[in-house]
Amino acid sequence: MSALLFRSTNGQSPAVNLREALLRGQAPDRGLYLPEKFPPLAPAEIAAFARLPYHEIAFRVLSKYTGSIIPSDALAAMCHSAYNFPVPLEIVNVRVFLMRLDQGPTASFKDFAAQMMARMFGRFLQEDGRQVTILTATSGDTGAAVAHAFHKIPGVRVIVLFPAAEVSESQRKLMTTLKDNVRTVAIDGKFDDCQAMVKQAFADPALKDIPLSSANSINIGRLLPQSVYYFYAASRVAQAGEPVFFSIPSGNFGDMMGAVVAREMGLPVKKIIASVNDNDAFPRFLASGTYRKIAPSRNSLSNAMNVGHPSNLARLVAVYGGQMDETGRLHRQPDLAAMRRDIFSTSISDARTVAGVREFWNNFQLLLEPHGSVAWQGFQDWTAVEPLGTSPAVLVETANPAKFPEEVEKVVGWAPDVPTNMLASLRLPEDYDRLDADYGKFREYLVQQHA
Ligand SMILES: *Cc1c(COP(=O)(O)O)cnc(C)c1O
């Protein structure tokens with residue numbers, strides 16, 4: 001079997017296999033890697049998922065990409081150890097379900113990708129005797145998930161940048177209480193500043209002696225595992241072949257691209273509802289065909305989605321035959337009609353986000369945090385446009401309500417229980433560095449850390 005190849009969305013770099021795409025993160029032409037062709041899963045293969053546990057579905061989906069690169073038994077073991085926590089699907093209302101992706105070690109959906117990617121990285125680096133520094137910018141949850149996943153993985157040093165004033169206390173503690181190979185840096189700036197500094201470091205010839213890689217949602221190793229839970233959800237809530245609605249709270253659009261990947265591989269998807277907070281560049285683009293990124297990004301309650309220019313849009317545009325570069329410039333329009341047929345997008349204000357948490361609790365006795373509430377409100381907007389019919393719908397809750405205790409308590413009157421896996425981190429001493437949003441200083445810092 002010849003290995004599947006990944007090409008850059010900018011079209012100027014050679015195609016590479018999964019191992020190279022994963023270790024590089026971003027393509028040399030600053031584009032994002034995407035499979036040349038999505039490997040199909042036959043309807044019978046997908047139907048069989050109904051009887052399989054999560055880790056086995058992960059194995060069957062991911063093995064289509066790892067082919068000759070990771071032996072089957074090794075991949076199966078990686079899936080088994082990475083996905084050793086439950087993935088609850090709670091019934092909201094007849095055929096509407098809430099999928100909680102918050103039972104991993106850092107209580108956000110980012111664990112699904114980070115846990116698998118860290119295992120793949122560890123394996124590839126060990127095979128090559130190589131070392132890398134993983135640079136990652138976080139708007140709150142990525143940093144924690146990545147830091148935990150890569151903690152103590154040999155050959156890896158992790159440096160996490162986060163916007164000092166934009167993450168919650170528990171989000172911060174989940175990343176600043178690790179030691180060993182993990183360093184965290186509070187940037188006096190916004191998430192976009194952090195992301196821009198990371199991108200600049202990758203392109204900086206002065207850093208060519210430091211082997212850098214990325215664990216952001218720009219890494220294809222983050223994206224592929226995020227397709228698995230859509231297969232899983234469908235296998236639990238739908239009949240074989242029955243299409244499903246997915247409502248996904250979106251920031252950098254990695255989560256929703258997981259659903260796009262699943263659909264490209266053959267999962268019947270009725271509609272992807274990609275809801276954003278006040279950072280509404282995507283719904284505006286979908287409606288008008290004109291893309292204008294939002295700079296600076298707007299602060300919202302759903303802080304992990306305060307993204308002015310979602311980097312995964314380059315991938316989404318590519319799937320629909322267009323080309324967008326890393327700055328957000330469109331070199332070729334995607335097929336907008338097809339995009340609108342498959343995707344609905346809407347922007348949810350903070351007021352509606354709060355109202356959604358309250359309403360969901362009052363109506364269904366189920367607790368949401370702000371990101372999940374954005375998904376719920378987006379779903380309401382969609383059903384106002386078009387009735388659901390009989391198709392099942394899955395709302396994606398991306399974080400545990402305990403990560404946003406103040407927001408939740410304000411609405412329902414009590415603070416949510418903290419999951420035991422989070423408690424330990426919250427009690428350990430913090431240790432992190434501080435820097436201005438100044439690339440020159442960050443470069444110095446990197447050189448110093450590498451020495
Ligand atoms: C990262 C994150 C999101 C947004 O996911 P994207 O893949 O960036 O769109 C939503 N909710 C939570 C809790 C997150 O951590």
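Which of the 15 residues around the ligand come nearest? In this predicted model, the answer is a set of five: K110, D141, G251, N252 and T398. Sorted by type, the residues of the shell around the ligand split into six nonpolar, six polar and three charged. As for where the ligand ends up, it sits in the largest cavity.

Two of those nearest residues, G251 and N252, turn up again among the polar contacts. An oxygen atom of the ligand lies 2.7 Å from a polar backbone atom of G251. For N252, the distance from a ligand oxygen to a polar backbone atom is 2.8 Å. D255 joins in as well, with a polar backbone atom 2.8 Å from an oxygen atom of the ligand. How much of the ligand does the protein bury? Taken alone, the ligand exposes 380 Å², and the protein buries 98% of that.

Away from the ligand, the aromatic rings are worth a look. Searching the whole structure turns up 23 aromatic pairs. One of them is made by F285 and Y291: the ring centres are 5.9 Å apart and the planes stand at 90°, so this pair counts as edge-to-face, because the cut-off for that label is an angle over 60 degrees. Are these two residues buried or exposed? F285 is buried, since its relative accessible area is just 1%, and Y291 is buried too, at 11%; the cut-off here is under 20%. Another pair brings together F360 and W376, with ring centres 5.0 Å apart. Their planes meet at 65°, so F360 and W376 are also edge-to-face.

Conventions
Residues are numbered from 1 along each chain as its sequence is written. This is a predicted model: local features need pLDDT of at least 70, side-chain atom pairs count only at pLDDT 80 or more; totals for chains, interfaces and linings use all residues. Side-chain values use heavy atoms; hydrogens and water are left out. A residue is near a molecule or strand if one of its heavy atoms lies within 4 Å of it. A polar contact is a pair of N or O atoms within 3.5 Å; within protein, one must be able to donate a hydrogen and the other to accept it, and residues adjacent in sequence count only if both atoms are side-chain atoms. Accessible areas come from the Shrake-Rupley method with a 1.4 Å probe; for residues, only the protein chains shown count as cover. On a 1 Å grid over the protein atoms alone, a cavity is a set of points where a 1.4 Å probe fits but cannot get out, and a pocket is an open set with protein on both sides within 12 Å along at least five of seven lines; lining residues have an atom within 4 Å of a point. A molecule sits in a cavity or pocket if more than half of its atoms lie within 2 Å of its grid points. Ala, Val, Leu, Ile, Met, Phe, Trp, Tyr, Cys and Pro count as nonpolar, Asp, Glu, Lys and Arg as charged, and the others, Gly among them, as polar. Rings of Phe, Tyr and Trp (its six-membered ring) pair if their centres lie within 6.5 Å; planes under 30 degrees apart count as stacked, over 60 as edge-to-face and the rest as tilted. Buried means under 20% relative accessible area, exposed over 50%, partly exposed in between (1.4 Å probe, protein chains only).
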